[in-house]
Amino acid sequence: MNMQQRLSDQHRVADADTSASAPATQQMPSVVLACRNVSHSVGDGADQLHILRDISLELKSGASLAITGASGSGKTTLLGLLAGLDVASSGHIEMFGQSLQHLDEEQRAALRRNQVGFVFQSFHLIPTLTALDNVLLPLELTAQASARKLALDALERVGLSARLRHYPGKLSGGEQQRVALARAFAGNPQLLFADEPTGNLDHVSGQRIIELLFELNSAKATSLVLVTHDLQLASHCDRHARLEQGRLVWQD
Amino acid sequence: MLWLSLRQSWRESRAGPLAGIFWALVITIAVLTAVNSASDRARQALTLAASELLAADMVLSSRQPLAELYRQQAETLGLQTAATVSFNTVVFAGDKSSLVAAKAVTADYPLRGRLRSSAQQYDSGDNSHPGPGNGAVWAEQRLLEQLGTAPGDLLQVGDQQYRLDRVLTLEPDRSGGFAGLSPRLLLSMDDARQAGLLRSQSRATWRLLLAGPPAALQQLAELAADDAEVRVTTPQQAQAQSADAISQTRSFLSIAALSAVFLGAAGMLLAMQQYQQREQLNVALWRSFGVPWSRIRLLMLLRLLWLTTVAAAGGIAIGIALQALLSAQLAALMQVSLPPLRVLPLITSFVIAATLAAGLCLPPLLQLRGQSPMRILRAAPGLRWQQLLLRYMPALISLLLIAWWQLRDWQLTLWILLILLLLLLAMSLAATLLLQWLGRRQHAGSPVWRLVISSLLRHRHGNALHMAAISLALLALLLLGWLRNDLLQQWQNTLQPGTPNHFLINVQPTQREPLQALLQQYEVEKLEFGPMAVARISRINGVPAAQWRPQADPPGRRDGTVNLSWRDTLPETNRLVSGEWFAPDSDQLQISLASDWANELDLAPGDSMTFSVGNETRQGIITSLREVDWDSFRINFFILINPAAASDLDYQYVANFYWSGSGNPAQTAGADHLLRAISSEFPNITVFDTNALVARVNDLFQQLTRALDSLFWFTLAAAVVVMLITVQSGQQIRRRETALLRCMGVDRGTLYRAWWLEQTLIGCIIGVLTALTAALATWWVSSHLLEIDWQWQWPLLLTALLSAALGVPLVNALFSRGVINTAPMRILQMA
């Protein structure tokens, strides 16, 4: 099982099989996400703010990585850059062997399609859609075959078969995040980004979500990037790095 | 994708901002369809009413018998036809004779409107009888007086004798001018032929009356256009009393429909703002899942298409039901059967729905393209002004396009643009100044005051849009209410009780004083005399009159003679539109023309005219143009000259007065007495009783007033609904804040006071600025579109101010009354 594979640390990052020119083939490369010397800043001149400095990391297929740090340390920014939601000021990021720097927004979206899942702190469910529809809609939008079956299966996995027709407003926080988990895993993504998935939940619900997250992660052999300030949650991951003053400090 | 978008639209339209847009569109289209359809039907009915004044939808007239071709062609085209021939002749009764204006008519005359007649003298009669049958004639009362005959007597016309069957009291196509006309004698076409009356008439006018579909009329008009002998007259061209009132009502109806659109647009703008904010998040979400933009755009476009289609269809269906109610009321009021509902207003509604959706909803949705998926992880920066411009410009353009479509007048549309921009500018300026002023005082004052200021500062962008939307709705209502009042005032002024109902002609200068004495015995009111001389226009600007603008055909041109009158002062019902009134000390001939008459001949102050009076000619300069209120039933002349230049002219007087005894059954004997007294003491004087005409115009005004009122109240009701949606939208954030403040221990009383103060402040700003804008807007519409007098309407302004200052907090209170009293936890959970 890939779960046991370990990430190389930043000094051993230059593995031969992560060359930027490697094409995305049918066979998934063993390194799904790689990031070399990434820096990111906002504003310019005197107002320039350096958020990230010289970040390098690598995530192999099926592995999990936790990024922790204080509020405002740049965790979410790093997550956005790794997921290709934004472009880094400098450095190099590769997802599934494709260099993100050379892709425009539309091409990056195409790269994420059906391969990347997200779980957010504030769930981001659409209030006017039922639990089932919330899971179904992204599948339909990305033209997944047998979308309905995938959505029903995913909701069954997170134990919400009985609440398919409920609207988010009628679900508890824990239940809403379970719908979000179902949405994230329904398309069988290769890579999952989770941003403080338990940040808005009480301890018991949070615990249940963590169990579910890792259960699904393991069952579907998904690689996971988890941003959290919860050290206990971070300890579930294969690797753990802490952001301090914009730099990654490995904790293992 | 089609199915997906359908399902999504269905899911989303049940709640949330999409539902707000949906219902705002439904209400707008419902009101628009109802107003446009009902006013389209009323308009057709009004055209019919105007047709009554012509007795047809179109008339072909000629000095020679009309070619048979026209009648045949009209019948081929499926038009109704009737024919009349008007000519002067002499009738005899015993040893007395009189010149009459005879009119021979076919059995179908009139095609529009009805003849009024009575079997008795001095009676206003009814419209139960069609025209005179063979062997019978109808005559006006004054012919009976001149001949000393009564209904049932025999009259000699040409070489035949006819029984005087009934007294003619009103013919629909009787022209407005009275002076110089002989009494009317109506007889059948067959009798006129038999009596040989039509053979020898060199000065007869032959008319073919036509009624039927506009397209067929148009074809016939085109056929007649090449015939120099034939003149085509339509109701619009007919010099009809109340023509102004009808066109004013049309303009008002257009403005009412337009107001409905602006009301709906205000609601849609607000709902769209919320919807766009939510979609921002959704689009960021889809983008993070890797959904291509083309797919997102297609989905949004399809959703908008479904929303528009269903809302338009629903709105049109509700509109049809509403217009049925409205039309039924109009039909009852107007005592006519309205023409059937047409498809055109329904198609218009659909096109307007599409334009509104495209202009108001599409740009904000398409702007989502630039949405960074990072938005899903953190808040995005606000819109830059270029983006705001891109968002609201198409909204403005689509509203202007709709305004143009409704009004068909670019100038007016641009004025609307100007007024809207002015309102927005004033609103943002006032808001900025207020916020600056408040910002400096944020840390002073009571806790309530500090709460108010911080809330105003925090919500300035949301408030700005809210205020603009509410102002827009209020402006639409104020405009409608103001114009309604102005219009009604104007109509009431036109036909006040005591409008002159008798006209006298042929009064010799020596008869003036004894006649005045006689009339005073009968307590007549508003007696007015005017001198009148007959002249011929021989030259205009040095050119022989017949060659000056030969196509123009103002009254008097065909006969070659015109009536002149003179006076020192401008008549009460006239208004100087250009030039100067007569210089008092000059003997030089100065001329003042009625502006409509002058315009037809392309004349302006400074031009010269030469009149032939008797054997001499006189040249004068046009010094002024007057706008004449022809609806006033007062003595009015196309041509006035200065008294000094008229001192040696032969003249007689015309006069008018109001006498309440006539036409009133209780005083019939008295009426008989006065009119008989005049005709026996002054046999040369002719009296016209215009009671029936005054009553008919009065009736028309009342019907128009009611039609106008129904539509006004109807639009008002719709406006209230849209205002409720507008005011209560965007309360979600407020509820959350209130709950937070409650959690932090701010007491209920402070919250209440702060909240009321803030809402009242907003209401006051809206009220003041909107009232001022409305004053400007109504002034412009009154003077340029409706051509009525504009009046400063304090009560309405005060109502607008109060309704904004009190209405905004009250409606807000209505929708959020639970907020302050509910447990904060529940609200926070809901949010």
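Author: Two strands pair if DSSP finds at least two bridges between them; helices (H or I, at least four residues) and strands (E, at least two) are DSSP runs, numbered from the N terminus. This is a predicted model, with residues numbered from 1 along each chain as its sequence is written, and chains lettered from A and ligands numbered from 1 in the order of writing. Local features need pLDDT of at least 70 and side-chain atom pairs count only at pLDDT 80 or more, while totals for chains, interfaces and linings use all residues; side-chain values use heavy atoms, leaving out hydrogens and water.

Reader: Which residue stands opposite A:Leu33 in strand 2 of chain A?

Author: Strand 1 of chain A comprises residues 31-42, and its antiparallel pairing with strand 2 of chain A extends over 8 bridges. A:Leu33 falls within that residue range of strand 1. The residue facing A:Leu33 in strand 2 of chain A is A:Leu59.

Reader: Which strands stand at the edges of the open sheet of 4 strands in chain A?

Author: The sheet has antiparallel pairing and the order 2-1-4-5 in chain A. Two of its strands have a single partner strand each, so one side of each is left without a neighbour in the sheet. These are strand 2 (49-60) and strand 5 (98-99) of chain A.

Reader: What are the edge strands of the open sheet of 6 strands in chain A?

Author: In this sheet of chain A the pairing is mixed, and the strand order is 6-7-8-3-9-10. An edge strand here pairs on one side only. The two strands concerned are strand 6 (116-119) and strand 10 (247-250) of chain A.

Reader: Which residue is the bridge partner of A:Glu244 in strand 10 of chain A?

Author: Strand 9 of chain A, residues 239-244, pairs with strand 10 of chain A in the antiparallel sense over 4 bridges. A:Glu244 is at the end of that residue range. Its bridge partner in strand 10 of chain A is A:Arg247.

Reader: How many Å² do chain A and chain B bury between them?

Author: The two chains meet through 30 residues of chain A and 28 residues of chain B in contact (heavy atoms within 4.5 Å). Buried area is the accessible area (1.4 Å probe) that two parts lose on being put together, summed over both. Of the buried area, 62% is on carbon and sulfur atoms, and the amount is about 2,700 Å².

Reader: Which three residues supply more of the area that chain A buries against chain B than any other three?

Author: Together these residues of chain A supply 24% of the area that chain A buries against chain B. They are A:Leu85, A:Thr128 and A:Leu141.

Reader: Which residue of chain B meets A:Glu106 in a salt bridge?

Author: A salt bridge is a side-chain nitrogen of Lys or Arg within 4 Å of a carboxyl oxygen of Asp or Glu. The structure holds 20 of them over all chains, with 2 between chain A and chain B. For A:Glu106 the distance is 3.2 Å, N to O, and the partner is B:Arg287.

Reader: Which helix of chain A gives the most to the side of chain A that touches chain B?

Author: Helix 1, helix 2 (105-112) and helix 3 (131-141) of chain A each supply at least two residues of that side. The leading contribution is 6 residues, from helix 3 of chain A.

Reader: How far apart are the closest N and O atoms of A:Glu105 and A:Arg108?

Author: Both residues lie in helix 2 of chain A, 3 residues apart, which is about one turn of the helix. Their side chains form a salt bridge, and the closest N and O atoms are apart by 2.9 Å.

Reader: Where is B:Pro110 found?

Author: The peptide bond from B:Tyr109 to B:Pro110 is cis, with omega near -10°. Most peptide bonds are trans. B:Pro110 is in the loop between strand 3 (96-105) and strand 4 (116-118) of chain B.
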